[in-house]
Structures are given as structure tokens and as C-alpha cells.
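Please load the model into the viewer and keep the sequence panel open beside it. The tour proceeds by successive selections, each followed by a description of what is found there.

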Amino acid sequence: MAGKETHHSAGPTDSAAKSPRVPVTAERLKTFTDAVVAIAMTLLILPLINTIGDASASGQSTADWIGANLDSITLFALSFVLIATFWMSHHRLFALVEHVTEPLLWITVAWLLTIAWLPVATALTGQTRRDALQLVVYIGTMTLTCLTLACARFYLRAHPELHRIPEIGMRRGLLADLLTTGMFVVALGIGIALPAIGYSALFLMVLVGPLHTLWARALGLSGATSAPDRR
């Protein structure tokens, strides 16, 4: 009736309209993120490529080159797999993100900073004398990568109007992020306290999967994580 106010509760669309937006769509941010990750993965190989010219000039054979650069090759492979793993975690999180706000954009930029820095940390690790600071730079970088992804997940959980991620999936993801971050911290501590172990402490990361399964079961998060369409 005329003169009568109509009240309605704010749904996801109303909440999303009130969120401060930036002139970047979710799809464009995902594309930009993929590009930065791809470049970082490519840059990892450059220090090894640069050694081939020196090996050729000194008359080294392929076996000689591999033997002389075995540590660097191992670190390249490790960093490549880790960046790929970080990207897959980020991709799974942002697959159902539909809107971007300024805080979310800057959290993503911080995550990309750690990814872009990892090739430098890898090169330092392969070409400088091993010490505690080297471990901090390398393992610390990956710790920050996990931590910034957890920050993105916390932010998205607080702003459900930005995505279609189910709550159980969000909680399982947070558990995985926090366990991974904690395990990197433990590996860093062991590597510094026991120099003979050094980077071998990173093998502790294989425990993240079993620990996640145990904690998820204990917390009642063992259900399906597929995301229903909430629109």
C-alpha cells in the first residue's frame, strides 16, 4: 500500500553491494596471479642455465655439470614443486571467489610477493655458503606464503558475500593452511638447531596430509567439501 514502508533483510546480493570494490574483477585477479606464478616458476631455472656456459668453457661433461650442480638441481626441483603446490592451494581457494575488495586484493599481492621472492631465495640457497640466515630466507619465505594464504581464507570467511565456498570447505582449508605454516616453522627450527640436518627437515612436510586427516576427523570436518551454488 502507498505510504507503507517495505522492510526486507539484506541477502548476499545486498551485502555484496555494500562491500568496497576495486576496478579488478575476480577473473582478472586470478589470471594475473596465474601469470606471476608461471613467471616465478620459470625464473627458478635461470641460475642453472647460467652455469652451463661456464661448464662448456671449462670442458666439463654433462655428468661433471650434474655432479657440480646437484644441490642446485635438487633445490630447483623442490622449489618448483612447492610453488606448484602453493598455486594449486590458491587456485582451489579462489575458484569460487566472485568479487574482489581492496583488502583481499592487497592480501593477494602480499601472497604474490612471497612467490616472486622464492626464486631469489632458491638461488641464494644453491649458490652461497649455508648458514642459519639462508635457512630463514628460504624456509621463512615459504612460511609467509602459507600464512598469507591463511589470511586470505580468514578474510573470505568473514565476508561470505564475496564467494560461494561452503563453510566446511573453508574450515578444512584453514586447518590445512595453519598445519602447513606450523610445519614449516618446525622445519625451520630443526634446520637451525641441527645444521647437519639443514634442509632435510623439510621432509617433515609429508606429515601435513596425515595430520590434516586426523585433525579434520577430530573436529568433525571429514564431510564433503564440494561447493553448492548459493546464488
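In what order do the elements of the protein run from the N terminus on? They run α-α-α-α-α-α-α-α-α. The model is a predicted one, and it contains nine helices and zero strands.

**Whole chain**

Display the whole chain with its accessible surface. The protein exposes about 13100 Å², and 68% of that area is supplied by carbon and sulfur atoms. Of the 231 residues in the protein, 39% are buried. Turn next to the contacts between residues at least 6 apart in sequence: 79% of these join residues at least 24 apart.

**Helices α5 and α6**

Select residues 70-94, which form helix α5, together with residues 102-127, which form helix α6. The two helices pack at an angle of about 170°, and their axes are 9 Å apart. Because an angle over 145 degrees counts as roughly antiparallel, α5 is described as roughly antiparallel to α6. Show the side chains at the contact: on α5, the residues include Leu 75, Phe 76, Ile 83, Phe 86 and Trp 87, while those on α6 include Leu 104, Trp 111, Ile 115 and Leu 118. By class, this contact of α5 with α6 comprises ten nonpolar and seven polar residues, with no charged ones.

**Helices α2 and α5**

Keep α5 selected and add residues 26-43, helix α2. Here the packing angle is about 175°, with the axes 10 Å apart; α2 and α5 are therefore roughly antiparallel to each other. From α2, Leu 29, Lys 30, Thr 33, Asp 34, Val 37, Ala 40 and Met 41 meet a set of α5 residues that includes Phe 80, Ile 83 and Trp 87. The residues of the contact of α2 with α5 divide into nine nonpolar, two polar and two charged.

**Aromatic pairs**

How many aromatic pairs does a search of the whole structure find? The search finds three, and two of them can be visited from α5.

Select Phe 76 and Phe 80 and display both rings. The pair is tilted, at 5.8 Å centre to centre and with 50° between the planes. Why are Phe 76 and Phe 80 separated by about one helical turn? The two residues are four apart in helix α5, so about one helical turn separates them. Phe 80 has a relative accessibility of 35% and thus counts as partly exposed.

Move along α5 to Phe 86 and add Phe 184. This pair is also tilted, with 6.3 Å centre to centre and 55° between the planes. The pair links distant parts of the chain, since Phe 86 belongs to helix α5 and Phe 184 to helix α8 (residues 167-193), 98 residues apart. Are these rings' residues buried or exposed? Phe 86 is buried, at a relative accessible area of 7%; Phe 184 counts as buried at 1% relative accessibility.

**Thr 180 in helix α8**

Remain on α8 and select Thr 180, which is found in this helix. Thr 180 is buried because its relative accessible area is 17%, and buried means under 20%. Leaving aside neighbours within four places in sequence, Thr 180 is in contact with Cys 146, Met 205 and Val 208. To finish, draw a distance between the C-alpha atoms of Thr 180 and Leu 147: these atoms are separated by 8.8 Å, although the residues are 33 apart along the chain.

How values were computed: Residues numbered from 1 in each chain as written. Predicted model: local features only at pLDDT ≥ 70, side-chain atom pairs only at ≥ 80, totals over all residues. Heavy atoms only, no water. Buried < 20%, exposed > 50% of the residue type's maximum accessible area, 1.4 Å probe, protein only. Contact = heavy atoms within 4.5 Å. Areas by Shrake-Rupley, 256 points an atom, 1.4 Å probe, with all protein chains shown as cover. Phe/Tyr/Trp six-rings, centres within 6.5 Å; stacked < 30°, edge-to-face > 60°. Axes fitted to C-alpha atoms, helices over the stretch in contact; angles between N-to-C directions. Parallel < 35°, antiparallel > 145°, perpendicular 65-115°, else oblique. Nonpolar A, V, L, I, M, F, W, Y, C, P; charged D, E, K, R; others polar.
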